[in-house]
Amino acid sequence: METVVSSKPLLATLVSLLVVGPIILSRRRPNLRESWTFLAGFIKLGIVLSMLPIILEGGVIEWTLWEILPGLALAFRVDGLGMLFALVASTLWIVTSLYSIGYMRRMKEHSQTRFFAFFAVALSATLGVAFSANLLTMYLFYEMLSLSTYPLVTHHQDREARAGGRTYLTYLLGTSVAFALPAMIYTYMKSGGSMEFVSGGFLAGSVSGGEATVLLILFVFGFAKAGVMPFHSWLPAAMVAPTPVSALLHAVAVVKVGVFCVLRVITGVFGVDFLASLGAATVIVWLASITVLAASLLALTQDNLKRRLAFSTISQLSYIVLGAAMLSESALTGSIMHIAMHAMGKITLFFCAGAIFVATGKKYVSEMDGIGWRMPFTMFAYLLGALSIIGLPPFGGAWSKWFLFLGSVETHNIYLTLVLAISSLLNIAYLLPVAVRAFYVPPGKGNTKIDLHEAPTACVIPLTLTAFGCLALFLFPEILLSLARLMGEPS
Amino acid sequence: MVDQYPAIVLLAPFFAAIAVSLLGNWKSGFCLPLTVLSLVISLMSSIALLGQVAESGEVVYLLGGWPRPYGIEFRVDPLNGLLLVVICTIALLSSIYSIRAAAVETPDKCPQFYTLYLLLVTGLLGMSMTGDAFNLYVLVEVASLTSYALIAMRSKRAVLASFNYIIMGTIGASFYLLGVGYLYMKTGSLNMVDIREVLLESGLYTSETILVAFMMIMVGVWIKMAFFPLHGWLPNAYSYAPSTASCVLAPLVTKVTVYVMIRMMFTVFGPEYVFVYLGWSDVVVWMAIVAILAGSILALAQTDLKKMLSYLIVAEVGYMVGGVWLANETALVGAIYHVISDAFMTLCLFLAAGAIITKTGKYCIKDMEGLFRKMPWTMVGFVIAALSMIGIPPTCGFFSKWYLINGGIEAGNWGYVAALLISSLINAILFFRVIEVAYFKKESTDSDKEETVSGSSGVGEPPLTMLGPLLVTAVCLLLIGIFNQEIVILIRQAVSSFGPLGFIG
Amino acid sequence: MILVDFIVSRFNYWIYIILMMMGLFAMIAKKNLIKKLIGMSIFQTAIILFFVSIGVKEGSTIPILAHEAAHDPAHQQAAPLTEKGEGHIQNGKGRDALRAEDYANPLPHVLMLTAIVVGVATLGVGLAVVQKLHQEFGSIEEPEILAKIDSDDG
């Protein structure tokens, strides 16, 4: 395995942080301000892409800043998993930026400068997590992400935002300090001062089965961004945010950082083989299964479209955790791929929810009768996104579901296969009715005239792009698959 | 010149105090430049001194050239070398901050204020340098007397708080003095290093007199540092004091007293006496746990911003006492590192609180809505300090917690670990309560335009002399965190000179 | 009898402890601020008494060297300040020349000079604070002052 020393991961992380200054300085000129965001977005994507070939060849890129605690440095390390996540996040940032401009300007939101500035900070933190080489660096960026998204979640600054923001921070900050921090320190002590992620884990042999189980549970709950029940309520609460925030942060960045951390802990800290030998992951398997089903059932009961999507996200996140905790190679591949597939699908759905709100002011599913003919692009994109999430070919979601099913069969656990099957049915039950209503139910009484009334172009283009992205991911999954397989291989 | 640094550090503020009291009455314009000048000199020489100490391990300065054990000596090792730099920095920052605040809060008392201020700094510097147990008492009293007077410079409640502080402070100092008396009876020496040698050579550890001396000294020191339940004097004294005074009192007095405790435990009595022979470690750590929890919970009950911060100091004292008494190196290093980081955190919080109170005239947390719009930079400072108190990397608060929790796990004291985590969570609640109020607008005013909010109330950022120190402190919090390794190396150097720390079975 | 011996032989300690407790009681229990300060003075005096008493030895005299003794070369060795390292209460080498046990230990007394100064300073600050309290609240009784503060709040 080739190791390249390069400052690229650091630059990719920093580029959006550096752009915060220009964004604030050009607050009086919105067009200039937004072009900074795009500039940073493309540079970021460029840097990430430039690292891709090395990673695909099986190499890793490393960069160490400095040692911050004995034997523990602030360090970056890019491998397949990190690369995949960074690729998803930086691509979707550009798309979302375009969408945000359309959304924020049409809604005449206040404090747009603050919005774009903190968005950029949040992206830095996301890439920081993706590229971190050890637990401490990851924790640092994890906390940075929680804090930088608070102003975004509470953007409206009204009573509802206040309550939502309170729940948001209580859960995210509380769990990370109460669970993840002690687990991390304990790991540090047990491993003899090392926290570097290595494939196969570094804890093997230094903790007993009981300790490993407790630590794993602490980590899974501590990274509450993964939304494993009972620490999931922050996600529906965060839906008070403007839709672009929900779209990027709560379908891609924030929640995926949560599952990413869990994946890292399982693969890089404990090691799949070590956990398998202890049987320590069984608890996580069951917790995740319960979350998958319970969140799907809760999603059925939600009338607010964004809340419904939020519960759907909770359920889908637990697929990823479940896939990792199954400890089989196919399941792991599936769960890593699901990061990308779900991101693409769910961001489409959120974009659509936002577009509907921008165009018609409607938030509730029950109001959306017949809306499909007024907003054909949006609703068609919604249909594609929903099908991808459900896991039907020819959409990206089919691949990750396929590998997850394969993994559940490999583990010879019929219950898990059942969980996945039931939840797929539930996905259909809560996602498709929206599209069905939109296209087949006539829009209220008396109002038979159908006029085309789409959202702003800046909103429609991104959601169309991501909808076709779902399709593209089905047709060309090779890059993702090979990145995901890099993690499954024993080194 | 080079070997006179310890004297310069102490004498610069001392002579400046005399000069201020003489010249200031004639022309009050002299006060501030003299104060700042002397503190700059002090800071420079303390940094130079720290450099010397880091190289040679220990600098001993004999006052009047009398050798140990006859004369009084100043002993500077990496531990108090660091502390000197911290004290000078904080004093300098607060003095710059005081330009505007002191003029508002204590008008017409400029020379008096700065004289007391400089004497307080002198006392604190002396407390951390001296190697003589009785001299320490005198310097403790110098620092205490000036703080009584500084607190009483505000009217009404502050005066009563000051009176209660006098009573409690005197009891504390007297207990300390008694302890020193008993120690002197048995060892015949007042020099700290010498006492330790006599204790070891003559096998005095079993003596009950030494036990009484140790108890008296500890109780005295605990009263002075407001270790729960001996904290009664602190919250009122610090919250009603003039904001400039509380900016230097709150960060420094308790921390320097914690240093005194460390010095007494490790240099005078020795870890082998405190931990191995007495074996009280568990009891004191549990007291510290109670202090942490009680301080945090009491802070939760406060509606006044400065009072809330004052109760947090009580909790933080618990962190440090607990860390010291956990009896292992990691925890001790953590406690000492926390002395430094907490000094800056407290400074940052009190500077921010002072700026808010001076500009808005509001004391209650619930009155602080919309502050992010009105004074964004002040709130940036406040938020950084708050994050540090909660323990979010890369602020220094995270690293001190890291070492302390590490030490707690090493010692197997899960109660202490849990207390630290619970108090972090309570801190999170406390500070986000403030931040939330400041971030959101008052619910009754539903105007969305920025202009109306900032325009109508007429409250803006504080002047640069207040904002500058605040932001410098906030940056310090990050720097201390990021470069914690360098500081910890120095601390370890000091800790290793204490000899092996005993473990309690 | 043993108990009496125990008490009598340590009478200086008993006296200082009794004085100290009186002072402490006054500081904590009295409501009048001046009485609290009086208690504080008693408290400090008790400590001074303690220190002074530990310097005293039976049959000893004031620690001033007679003129000729100080200039006698044999005695100079014994003068503690000129010697390094072994200057504890009883100095081994100079015992025959200058019997340290003949003199009261001067050090605690010297310390107490400083402690008295500190005590006076504390008392001074305390009285000034009480005076200021009286100016602002018109009372030196703690309950009355607290009542005034409460009524200000309400």
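Helices here are DSSP runs of H or I with at least four residues, and strands are runs of E with at least two. Keep in mind that this is a predicted model.

**Exercise 1.** Work out how many helices and strands chain C has, then describe its make-up.

*Solution.*
- Step 1: count the elements. Chain C comes out with seven helices and zero strands.
- Step 2: write them in order. Along the sequence, that gives α-α-α-α-α-α-α.
- Step 3: check burial. Chain C has 154 residues, and 33% of them count as buried.
- Step 4: look at the surface. Chain C exposes about 9300 Å², with 66% of that supplied by carbon and sulfur atoms.

**Exercise 2.** Find which elements of chain C give two or more residues to the nonpolar patch, and place Phe6(C) in the picture.

*Solution.*
- Step 1: collect the patch. Its residues include Leu3(C), Phe6(C), Trp14(C) and Met22(C), and the whole patch has about 900 Å² of accessible area.
- Step 2: map it. Helix 1 (2–9) and helix 2 (11–29) of chain C each give two or more residues.
- Step 3: zoom in. Phe6(C) sits in helix 1 of chain C. Its relative accessible area is 40%, so Phe6(C) is partly exposed.

**Exercise 3.** Decide whether Ser328(A) counts as buried or exposed, and list what surrounds it.

*Solution.*
- Step 1: locate it. Ser328(A) is in the loop between helix 13 (305–325) and helix 14 (329–360) of chain A.
- Step 2: apply the cut-off. Buried means under 20% relative accessible area; Ser328(A) has 10%, so it counts as buried.
- Step 3: find its partners. The Ser328(A) side chain reaches the backbone nitrogen of Ala331(A) at 3.2 Å. Leaving aside residues up to four places away in sequence, Ser328(A) touches Gly407(A), Glu410(A) and Thr411(A).

Key. Residues are numbered from 1 along each chain as its sequence is written. Chains are lettered from A and ligands numbered from 1 in the order in which they are written. This is a predicted model: local features need pLDDT of at least 70, side-chain atom pairs count only at pLDDT 80 or more; totals for chains, interfaces and linings use all residues. Side-chain values use heavy atoms; hydrogens and water are left out. Patches are made of residues with over 30% relative accessible area and no salt bridge: like charges are joined within 9 Å, nonpolar side chains (Val, Leu, Ile, Met, Phe, Trp, Tyr) within 5 Å. Accessible areas come from the Shrake-Rupley method with a 1.4 Å probe; for residues, only the protein chains shown count as cover. A salt bridge is a side-chain nitrogen of Lys or Arg within 4 Å of a carboxyl oxygen of Asp or Glu. Buried means under 20% relative accessible area, exposed over 50%, partly exposed in between (1.4 Å probe, protein chains only). A polar contact is a pair of N or O atoms within 3.5 Å; within protein, one must be able to donate a hydrogen and the other to accept it, and residues adjacent in sequence count only if both atoms are side-chain atoms. Contact means heavy atoms within 4.5 Å.
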